[in-house]
Amino acid sequence: MKRLYDKNTLGFALLWIGVYVVGLSVADGLSSTVGMEKIITAPLGIGMTAYLLIWLDRNGLLGTYGSYSLREFFEKAYATISASSRCH
């Protein structure tokens, strides 16, 4: 995936949009077949999001899109929680 991203960022984005649309559409159909709405769609969406965030973090691209690295995010979240718990 890194090679595609480096070669053509627009192609990379369009590929992910296509995977998202087709994947979630198929998952919605399967969820309806099972009889429980979003039972397959929600985990697939969460999994795709987690995979993409981890991939972006490992390739040093989160900052490019205005986000922290996952390590920085959790360090800041922990610091905020720690600080607020000391106030009470």
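## Close-up views of a predicted model

**Figure 1. Chemical make-up of the largest pocket.** The lining of the largest pocket holds 10 nonpolar residues, three polar residues and no charged ones. The structure shown here, and in the views that follow, is a predicted model. The largest pocket encloses about 240 Å³ of space. It is lined by 13 residues, and those closest to its centre are Phe12, Ala13, Trp16, Ile17 and Leu52. Two elements, α2 and α3, each give two or more residues to this lining. Helix α2 supplies the largest share, with six residues. Space of this kind is found by rolling a probe the size of a water molecule over the atoms, which shows where emptiness is left.

**Figure 2. A salt bridge within helix α1.** The side chains of Lys2 and Asp6 form a salt bridge, with 3.1 Å from N to O. Both residues belong to helix α1, which covers residues 2–7. They are four residues apart in this helix, so about one helical turn separates them. Lys2 has a relative accessible area of 31% and is partly exposed.

**Figure 3. A salt bridge between a loop and helix α2.** Here Lys38 pairs with Asp28, and the closest N and O atoms are 3.0 Å apart. Lys38 sits in the loop between α2 (9–34) and α3 (41–58), while Asp28 sits in helix α2, so the salt bridge ties together parts that are 10 residues apart in sequence. Both partners are partly exposed: the relative accessibility of Lys38 is 43%, and that of Asp28 is 27%. The count of salt bridges in the model comes to two.

**Figure 4. A nonpolar patch on the surface.** Twelve names make up the label list for this view: Leu10, Leu14, Ile17, Tyr20, Val21, Val22, Val26, Leu30, Val34, Met36, Ile39 and Ile40. Together these residues make a nonpolar surface patch of about 1100 Å². Ile17 is one of the patch residues, and Ile17 is also among the residues closest to the centre of the largest pocket.

**Figure 5. Tyr20, a member of the patch.** Is Tyr20 buried, partly exposed or exposed? Tyr20 has a relative accessible area of 46%, so this residue counts as partly exposed. The limit for exposed is over 50%, and for buried under 20%. Tyr20 lies in helix α2, the helix that also gives six residues to the lining of the largest pocket.

Notes:
Residues are numbered from 1 along each chain as its sequence is written. This is a predicted model: local features need pLDDT of at least 70, side-chain atom pairs count only at pLDDT 80 or more; totals for chains, interfaces and linings use all residues. Side-chain values use heavy atoms; hydrogens and water are left out. A salt bridge is a side-chain nitrogen of Lys or Arg within 4 Å of a carboxyl oxygen of Asp or Glu. Buried means under 20% relative accessible area, exposed over 50%, partly exposed in between (1.4 Å probe, protein chains only). Patches are made of residues with over 30% relative accessible area and no salt bridge: like charges are joined within 9 Å, nonpolar side chains (Val, Leu, Ile, Met, Phe, Trp, Tyr) within 5 Å. Accessible areas come from the Shrake-Rupley method with a 1.4 Å probe; for residues, only the protein chains shown count as cover. On a 1 Å grid over the protein atoms alone, a cavity is a set of points where a 1.4 Å probe fits but cannot get out, and a pocket is an open set with protein on both sides within 12 Å along at least five of seven lines; lining residues have an atom within 4 Å of a point. Grid points are joined across faces, edges and corners, and a volume is the space filled by probe spheres set on the points. Ala, Val, Leu, Ile, Met, Phe, Trp, Tyr, Cys and Pro count as nonpolar, Asp, Glu, Lys and Arg as charged, and the others, Gly among them, as polar.
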